[in-house]
Amino acid sequence: MKVISVANFKGGVGKTTTVINLAAGLKKQGKKVLLIDVDPQANLSQSLGITDEIEQSIYTVLRKEAFGESAKLMDVKLEASGLDLIPASLDLAGAELELASVYGREQILAQLIKPLKGYDYVLIDCPPSMGMLTINALVSSQYVLIPLQAEFLPLKGVRSFLKHLELVKKMNKKIKLLGFVFTKFDQRKKMNQQVKLELEEEFSEKVIFKTFIRSNISLANAQEQGKDIFSYNKNTNGAKDYEALTEEFLEKF
């Protein structure tokens with residue numbers, strides 16, 4: 001079972017979109033995938049049609065585990081996509097403070113994930129910050145995947161994130177950078193090409209996915225309807241791009 005955090009300090013870079021559609025692409029390839037939403041904004045949960053508070057949200061389970069109660073991750077089966085999800089709730093915003101004084105707080109999610117069986121991949125959608133929730137996700141993971149827009153502010157955020165990742169490696173020596181995925185990419189834009197070139201010069205090309213996700217309104221429309229792009233319209237550029245990304249992702253394993 002491969003556990004992968006999808007993370008970036010910058011919001012609005014296509015992080016949640018990538019989690020949803022990469023997971024859906026993996027399911028199309030016959031893989032069993034679990035999604036975990038640890039972002040208090042709950043964008044992943046809402047984009048997959050979870051609009052009500054769920055009793056067994058990730059907040060509830062984290063809190064029980066932290067304070068010594070019997071806790072177990074309980075997934076929600078999503079009929080539209082066939083994916084399994086551990087949803088977030090708005091209460092998750094208070095988890096940072098509640099867990100601050102708990103011994104071993106960085107390991108709570110890792111302890112909950114450890115007993116899981118039957119999944120090929122666990123994808124964790126992280127908040128756009130390096131707080132306790134993101135640290136929990138990274139400590140739980142073998143890999144981190146970083147979506148970003150080919151613009152200078154997101155690139156600056158990536159550099160900051162990677163500095164913090166080096167600190168996390170002291171708690172989780174196994175975690176590796178799986179790669180960068182460019183989202184909302186337009187080959188015609190000089191800035192997009194320039195940032196892409198700068199990233200290629202700064203990092204090994206092995207960690208930069210050749211597949212980039214083009215700007216495509218269908219990706220946003222699919223999320224508005226609580227669907228992945230393949231369920232929404234498999235003939236769009238968004239579907240073609242995420243299908244190609246899925247194939248490249250699988251080649252890394």
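Here is a friendly chat about a predicted model.

Visitor: How many residues does the largest nonpolar core hold, and which helix gives the most to it?
Guide: Glad to start there! The largest nonpolar core has 54 residues, and I36, I58, L73, I124, F161, F180 and F182 have the most contacts inside it. With 6 residues, the helix that gives the most to this core is α7 (residues 152–168).

Visitor: Which residues, more than four places away in sequence, is I124 in contact with?
Guide: I124 is one of the residues with the most contacts inside the largest nonpolar core. Leaving aside neighbours within four places in sequence, its contacts are V3, I4, S5, V6, I36, V38, L109, I113, A137, S140 and S141.

Visitor: How many bridges join β1 to β5, and which residue of β5 is the bridge partner of K2?
Guide: β1 is mostly covered, with 4 of its 5 residues buried. On one side of the pairing question, 3 bridges join β1 to strand β6 (residues 143–149), running parallel, and I4 stands opposite Y143 there. β1 and β5 also run parallel, joined by 5 bridges. In β5, the bridge partner of K2 is Y121.

Visitor: What is the distance between the end C-alpha atoms of helix α11, and what span should its residues give?
Guide: Let's work it out from the rise. Helix α11 (residues 237–251) has 15 residues, and at 1.5 Å a residue they should span 21 Å. The expected span agrees with the distance between the end C-alpha atoms, 21 Å.

Visitor: Which residues of α11 are buried, and what covers them?
Guide: The cover includes β1 (2–6), α1 (15–28), β5 (121–125), β7 (176–183), α9 (217–224) and α10 (229–232). Beneath that cover, the buried residues of α11 are G238, A239, D241, Y242, L245, T246, E248 and F249.

Visitor: Which residues form one aromatic cluster?
Guide: The structure holds 8 aromatic pairs. Y121 is the bridge partner of K2, and F249 is buried in α11. Both belong to the cluster, which is formed by Y121, Y143, F249 and F253.

Visitor: How far is the charged end of K252 from the centre of the ring of F209?
Guide: A charge needs to be within 6 Å of the ring centre to sit over a ring. The charged end of K252 does sit over the ring of F209, and its distance from the centre is 4.7 Å.

Visitor: Is A42 buried or exposed?
Guide: A42 is found in the loop between β2 (33–37) and α2 (43–47). Its phi is near 55°, a positive value in a residue other than glycine. Since buried means under 20% relative accessible area, A42, at 4%, is buried.

Key. Residues numbered from 1 in each chain as written. Predicted model: local features only at pLDDT ≥ 70, side-chain atom pairs only at ≥ 80, totals over all residues. Heavy atoms only, no water. Phe/Tyr/Trp six-rings, centres within 6.5 Å; stacked < 30°, edge-to-face > 60°. Lys NZ or Arg CZ within 6 Å of the ring centre and 35° of its normal. Helix = DSSP H or I, 4+ residues; strand = E, 2+ residues; numbered from the N terminus. Expected span 1.5 Å × (residues − 1). Buried < 20%, exposed > 50% of the residue type's maximum accessible area, 1.4 Å probe, protein only. Contact = heavy atoms within 4.5 Å. Pairing = 2+ DSSP bridges. Core = buried A, V, L, I, M, F, W, Y, C linked by side-chain atoms within 4.5 Å.
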